[in-house]
Structure formats: structure tokens, C-alpha cells
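Q: Could we go through this model together? I would like to start with the overall picture and then look at some details.
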Amino acid sequence: QKFVYDFTEGNKDLKDLLGGKGANLAEMTNLGLPVPPGFTITTEACKVYLDSGSEPTALRDEVSAHLEALEKRMGKKLGQADDPLLVSVRSGAKFSMPGMMDTVLNIGLSDASVAGLAAQAGDERFAWDSYRRLIQMFGKTVLGVDGELFEEALDEAKRAKGVTTDVELDAADLKRLVEDFKATVAKETGRDFPQEPREQMDLAIRAVFDSWNGDRAKLYRRQERIPGDLGTAVNICSMVFGNLGPDSGTGVAFTRDPASGHQGVYGDYLQNAQGEDVVAGIRNTVPLADLERIDKASYAQLMQIMETLETHYKDLCDIEFTIERGKLWMLQTRVGKRTAGAAFRIATQLVDQGLIDEAEALQRVTGAQLAQLMFPRFDEKAKTDLLGRGIAASPGAAVGKAVFDSYTAVKWSRSGEKVILIRRETNPDDLDGMIASEGILTSRGGKTSHAAVVARGMGKTCVCGAEELEVDTKRRRMTANGPDGKQSIVIEEGEVVSIDGSTGKVYRGEVPVVPSPVVEYFEGRADGAAEDADELVKAVHRVMTYADGGRRLQVRANADNAEDAARARRFGAQGIGLCRTEHMFLGERREMVERLILADHEDERDEALKALLPLQKSDFVELFEAMDGLPVTVRLLDPPLHEFLPDITDLSVRVALAEARHEPHENELRLLQAVHKLHEQNPMLGLRGVRLGLVIPGLFAMQVRAIAEAAAERRNAGGDPHAEIMIPLVGTVQELEIVREEAERVIAEVERATGTDLGLTLGTMIELPRAALTAGQIAEAAEFFSFGTNDLTQTVWGFSRDDVEASFFTAYLEKGIFGVSPFETIDRDGVGSLVRAAAEAGRATRPDLKLGVCGEHGGDPDSVHFFHEVGLDYVSCSPFRIPVARLEAGRAAA
Ligand code: ADP
Ligand code: MG
Ligand code: MG
């Protein structure tokens, strides 16, 4: 087994073995680009080290051989006193990961070689600057010394000299600093800074290996579901120096604008600086375009290289480079991150350039990016007053009056005010306030904090962890430092603020909100194919066309009224996968349902049902009309009956009051008794779904009749209705058989009476583990299955969805038990394996069984891919998620 690869030996496809950085360094080397020579220690070596606690025996010799070759090539030895070869030791896993060890530059410098470096470069200041950087980085990341100690000493040196930047320190200052740093290392670690170059290198390599199992890296991997046993590679790269004076420097660049996708010159450059200085913001960088003025030849070469990289990677790349005395060196490249809008634009631009095909273009965008583009946004042209920024935790643009407690949030929103709830951090007690607010802002906590998790669950805008804002709940105010970081701005309760959940920015006052052009396009108010269409809309239109052209999964909508159905159709729905009939029992019809529930006698009950029938029927007529020609799955009544009755406390108060006033309260009393009778400890597992149909005579028959009569009416009016009747919460085939017999009888009656052939189909939800486990039997009585993955997730995990998100999910996410709520993305291993097995068993019984899914998961990108894989026919989701589902279904098939 080979543990070390020279940069000339690898390539970009070897990311598993060489890590992302190593694989791309090799790729650039092979493209003939100017990469400082070096080699990569494989992830395999790291794995051996992590498993056994020591480096593989062969590693030392292999490293020695590669180092020797490198030394020969460079004509100097590592740390050689009169002319030292210096190297960087850089971590580089397959996925870039926060918490991994930082890079150590200038390895090989020592008390002995610092003078040699100075002599070779003819620059004493440079040599001491490099040495102090080495001790600082090595001390912090390899030896574990608190980095603050070095920072403070550096600040002190600048203060003592009365200067503000590190370039103003001269050789003597830096020399003193080195002594200082060495003393700090000795004091903090009980040993001297290692002077032996090879020892420096070996210690740094080992520190990179060890950092794989650092707490932060481990947590990140659990959350992102990155396997814990991949290991990291280590890159040893000969140093080039951007800190050799004004004709040297270092920079970062993008091959095109990561915000718009436009081609051009994007990046930052810093003269006389090393590595991290650019991003660390210690001095002001200049725009990359200025490099043309500073060093024309290097600039021209860089532009050339960027073009080479783009054509080669067929994508936007970001790069790190250094110029050493007028000579350009490439230090890193990778396919670069971009904004959601740019992703769509770049994908179509690359198709136009002939670099990628349509299937590949689909892989360059995601449903999450599309969803982001569908949120309303703050008007970019508006003048804004930035207060600070936090973590973009849940997207959207929210404006409202600042409130600092949930009670006020609820009170104000009841009186019609829009509010933003501002807290240091939220807890389950804040739930009501969060619901009442337009958006949530916290000054503490990250992407998995309570505020973030709950807000995302509710689809509410949230900015969290805005640490520069000081929230004072007691005095109902928040203090910001303002854009210059000095002047303090106080926001009192009631003052309007605007928060941007897509960027994390927080503004004072009202920022105007503009609707998303992408939504206008889906709504049909903008034509993506039109010549003058917005560039973004055009790109989205094209990508959607690719997706629709290739996908196998159909996309339906969850909708229960004609208006939603019509919108869903505009968004591209191919039918309704879930029409919940319970919504048809609310409002003024609630009284009729009360009568049904209260009925003592058969007659009373029939009366109540008879009154409901025409209302249900007219709802269905409208719906079938809106979805003419497309399937509409109607679910019979599902929720527990008590949901249609008044609240028990309210009712008790009403009864008590009437009693005290000696007023008649016959009805209230009966209602109260009924409420008591229907009260359940665990209503979600109680009398609901098919169970209602089986114990309340005539209920399901009435609903089936309403559906059948509505379909007949549409048919006779020349329409083309395709109704599918769905029975919820079935656990066993016997339940379904009983309901089915009754339904078939009713349908036959209606068909006879109306002289129609309705072609209605009957099917069931699969949302209980028992139903999934006996799907083969259930398919005997069902023409279709619709997986109700919300209930299935609840019952498989034993989680009460309404409770867990606010109580312990935060803890679960923080501990990395799962990276995302199983209510958001289907749990493939658990819930998913039941879905897969039930689909197979169902189709074994009935090969033409139609399969769909109607839980929230139907609009979740990851889950859509899963449903494609297990061979479902369609997913159904809320109208707004339809474009996302279409896109992901296309991506899954591409
Ligand atoms: P990160 O993964 O944090 O980007 P890198 O390994 O890329 O870490 O290194 C950090 C910084 O040091 C980068 O700016 C990089 O360009 C610079 N750097 C790394 N190796 C060298 C080298 N051999 N010569 C000069 N600069 C280097
Ligand atoms: Mg880098
Ligand atoms: Mg359900």
C-alpha cells in the first residue's frame, strides 16, 4: 500500500484518497499550472493512525523518500541553515470541515535557518516575520497554546512602537517578538519550540491526523452525516512567499461572480502578505482588478489560468494564489460556492457555452436553492440602516415592531400589529410568541438552536446568534454597535425592525419587501421564455424545462379548495394527492358536526348527515372542476372528533356561568358531556381515521356519496373528473374491506341513479407500521397506497410531532443524533425501509397498484430522491413546494 503521492501522481477524482485539496493540487500540477511542488499523505495513512494510535510503519520512510525528492528538485534541504527549504503542512479531507486543524506555514525555520533565509532573500525583516508566523501557528494549532497569547504580544509590540499594522514592524521588532513567542511556548507547554525541521513536520502531520477527531469536527460530521471513518489527507507543499515586499502578495479569486454568475474579475488581493492575511482582514485588500496595475504580467497569467480552470472543471472555481517577487503560484482551487440565483444562471450559461449538457445542468442546482429564490425579498435598491448580522437560520424577509417577550408578541399581534420577537435565545415557553410573530431574532445560538429549529419547522423567518446585538429583555430594548462598530444604537420595544433570514442581516426601520420574480413566473405572471424576461427567471424556466422533460415521478398537490387547486395547477401540479375533508367541516358547518356528534338517535344522526351532504358535494364539484382531467385523491374524515367541538375549559365556564345566572343551558350541558365522553389521553392514537368511519354509522357513506354525486354531476356537465377515495389510518385489511363494501354499494347506487360510469378508485393511506408490515394483504382491498409519512414517522419513532420539535429536538440535533428532523427529511433507514418494503409487498399483490406519498416529505428535496429510488408514482406536497418537487424529481432521474 502506497501512503504518499507526489502532486504529479494524483488527480481530481482521487478525493477519497487525497482529500479535496490534495486531489485538486494534483490536478492543477498535471494541467501544467504553476503549483509549488509537494506531496500528499493519504487518508488511508490517517485511518491506520486513528485505528492503531500510531502512524503506519511504512509512512516514515515514504515521507522521507518524497521529501528527499522534493529537496533535490528544489536544490535545498528542509531547514538547511544557509538556505532552508520551507514547507506548509495543510489538512485536507474529502469534504472541507470546520474544526479541522489549520494549516501551518513556514515549517523548517529555526534559530539556525532564519539567518540563512534572510541572506537568501536579502531581506531580514521577511525572515523574522516568517519565523514569528511559524511559532505562532505551530504554537496554537500543533502545541495547543492559546492563540490569544500570541495575538496580545503582537498587539503589544505594535502599541509599543505606535503603529497599527504588522508591516510597520521592522526586523528588530520581529526578532524580539520571536523571543517572546518562544518564551510563551516554553511556559505554556513545558518544552521548547522544536528546532529540528523534520520533527516540526512530523508533529504537524500528526496534529492534522488528530484533528480529525476533535470535538468540533466530530459534531460537524454527525450533523452533516459525513462518515466518521473517512480520515483526512495531509498536504506538504513547498513554500512560496507573498511577504517578500511590494512585488509580492497573496489573493483569492473566483472564475466568475459567485453572486450573479457573470464572467469577470472577482477577488481580493493583498500586497506583501502571507496566506491567511487576506481573509483575516488584518489589512485592507484591494479588488483583484487592481492587480493589473500592480503586476501586469502576473495578472494576465492569472486570467489565463482561470479560464483554463473553468473550461477544465466546467464550473465556477475559486482559487488561492500567491505572487513571489513577480512570479505567480497557484495554491488551491475547488468548485466554488455560489448564491442560489447564480447556481441557476451558471448552469444555463455553461449549457450555452457547450461545457455541460442539460442533465448535468440539473445536477448543478438544488431544490433548496430554488426554494430560497421563492421567498419574498427585501428590495435591493432600498436605502437600509444595518444594525448587525447573525446567522441566516430560516429564510424570508420579515418586518415588524420589536417585542422582547412572548406575552407582548401575542397581545400585539392579536390587535393586528406585525411583530418581530427578539430574545437572547428562545425556549419552549416562547412558542406562542414565535407563532404570533412575523419573524424571530436571537442574539445567541446557532443553526441548531431552539429558535432556528422551531422557526424552520414553522416556515418562519429567523435570524439567530446575532452576537453583536445586545438584548436586554428586562428593559425591553436591544443595543447595536452600528456599522462603524462604535456608535451605539438603541432599539426600544415598538420600534420597527426588518430581518433577512436569507442573509442574516438585521435592519432598523422598515425595508420594503418585493415579491420573488421566480414566484411570479410560476404564478404565470411572467413568461420565462420571453425575450425580455429577467435573466434569473429565464434560467429557472430553462432548468425547469430540463427537469420536467426527464422526470419519472409525477408531482401532485395537497389542496382542499378550488383556489389552492388552481394555484397548484399553475405551479405545475399533475393532480391532487391529498384533499383533506376535515377542513370542510369547520367554520359555520361546525354546528352541523356538533349535531352529528351529539345525536342520540339514528334519525337525528341521519338528519345531521343529510344536512352536510350537499355542502360536501358542492365543495367537491368545485374541486373536480378546478382539477378537470387530473386525479383528485379525497381523504375521508381523519382527525379525532373532539377537534370539532368547543374547548373543554371554555365550555365549562359557559355552563357554570349559565348555571349561576339560572339561564337555560341544556345544549351546553349536552355538549360538555359529549366533550368529556370523547376526551382522550392520546387523541392522535385514538378514535380517528377509519375508526371513525367504522363506529359512526353513515359518516363515510355520506362522504362517499358526496364524492360520487359530485363526480356524476361533473361528468354529466361534460367534465372529466378523476376522483380517488382514500381511507386514512388503516392498520389491517379487515378495516378496509368493511369500508370498501359500503363505499362500493353507495357508488353503484349513485351510478345507477345518474346513469354514469364514474371509474372511482378506492385506496388507503399507509401511515401505521402495521399497515406497512401487512401491505401485501392490504393491497388486496386497495387500488392505491398513499404513504402518510408524517403519521408514519410519528408512529415509527414514537414521537409526537406537535411536542418534540419544541421540547427535545434541539438537544437531539446538537448531540448529532440526527442532522435534520425526521419530519423534515425522511428517515431512510427506519421509516424509509418500511416504505420500500410496503411498496414492494403491495406491488407483489397488485402489480398495477398506484403508489404515492402525501406527507410533508413529498416536497423535501432529499426525500423526493428517496421516493424516486423506491419507485413511487408520485409525490404530493403543498402548492408552494411543487416547483421544488418537480425540480428534484428531475434531478433524481437525470
Ligand atoms: P485552508 O483550508 O484554510 O484554506 P490552506 O491549506 O489552503 O488552508 O492554507 C491557508 C493559507 O495559507 C492559504 O491562504 C494558502 O494559500 C496559504 N498557503 C498554504 N500553503 C502555502 C504555501 N506552500 N506557500 C504559500 N502559501 C501557502
Ligand atoms: Mg485554502
Ligand atoms: Mg395521517
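A: The following exchange covers the whole chain, two annotated domains, two sheets and a pair of helices.

Q: How many helices and strands are there in the protein chain?
A: This is a predicted model, and its protein chain contains 36 helices and 31 strands. Along the principal axes, the C-alpha atoms fill a box of roughly 105 × 65 × 60 Å.

Q: What share of the residues is buried?
A: Of the 894 residues in the protein chain, 50% are buried. As for contacts with a separation of 6 or more, 67% are between residues 24 or more positions apart.

Q: Turning to annotation, which residues does UniProt list for "domain: Pyruvate phosphate dikinase AMP/ATP-binding"?
A: The unreviewed UniProt entry lists residues 59-284 and 292-341 under that name. The stretch 292-341 is 46% helix and 34% strand, and its end C-alpha atoms are 29 Å apart.

Q: Where does Ile305 lie?
A: Ile305 belongs to helix H12, which spans residues 296-313.

Q: Is Ile305 buried or exposed?
A: Ile305 is buried, because 23 other C-beta atoms lie within 10 Å, and the cut-off for a buried residue is 20 or more.

Q: And which residues does Ile305 touch, leaving out those up to four places away in sequence?
A: Ile305 touches Leu33 and Met330. In addition, its C-alpha atom is separated by 9.8 Å from that of Leu31, although Ile305 and Leu31 are 274 residues apart along the chain.

Q: Next, the sheet with E6 in it. What is the strand order?
A: The order is E8-E7-E6-E9-E10, in an open sheet of 5 strands with antiparallel pairing.

Q: Which strands stand at the edges?
A: Strand E8 (286-287) and strand E10 (327-335) do. Each has a single partner strand, so one side of each is left without a neighbour in the sheet.

Q: How many bridges join E6 to E9?
A: Strand E6 (residues 249-256) and strand E9 (residues 317-324) are joined by 6 bridges and run antiparallel. Within this sheet, Gly249 stands opposite Ile323 in E9.

Q: Moving along the chain, what does the other UniProt domain cover?
A: The unreviewed entry gives "domain: PEP-utilising enzyme C-terminal" for residues 538-889. That span is 55% helix and 11% strand, with its end C-alpha atoms 20 Å apart.

Q: Which way do the residues of E30 point?
A: In strand E30 (residues 850-853), Lys850 and Gly852 point one way, while Leu851 and Val853 point the other way. All of these residues are buried. In a regular strand, side chains alternate between the two faces of the sheet.

Q: What are the pairings of E30?
A: Strand E29 (residues 784-787) pairs with E30 in the parallel sense over 4 bridges. E30 is also joined to strand E31 (residues 874-877) by 2 bridges, again in a parallel arrangement. Val853 in E30 stands opposite Phe787, and the bridge partner of Val853 in E31 is Val875.

Q: Finally, at what angle do H27 and H28 pack?
A: Helix H27 (residues 699-716) and helix H28 (residues 733-754) pack at about 35 degrees, with their axes 9 Å apart. Their crossing is right-handed.

Q: Which residues meet there?
A: On the H27 side they include Phe700, Ala701, Val704 and Ala708, and on the H28 side Val739, Ala743, Val746 and Ile747 are among them. By class, the contact of H27 with H28 has 10 nonpolar, 2 polar and 3 charged residues.

Methods: Residues numbered from 1 in each chain as written. Chains lettered and ligands numbered in written order. Predicted model: local features only at pLDDT ≥ 70, side-chain atom pairs only at ≥ 80, totals over all residues. Axes fitted to C-alpha atoms, helices over the stretch in contact; angles between N-to-C directions. Left-handed = near helix turned anticlockwise from the far one by under 90°. Contact = placed C-beta atoms within 7 Å. Nonpolar A, V, L, I, M, F, W, Y, C, P; charged D, E, K, R; others polar. UniProt positions renumbered as here; feature names shortened; annotations may be inferred. Buried ≥ 20, exposed ≤ 12 C-beta atoms within 10 Å, placed from the backbone. Pairing = 2+ DSSP bridges.
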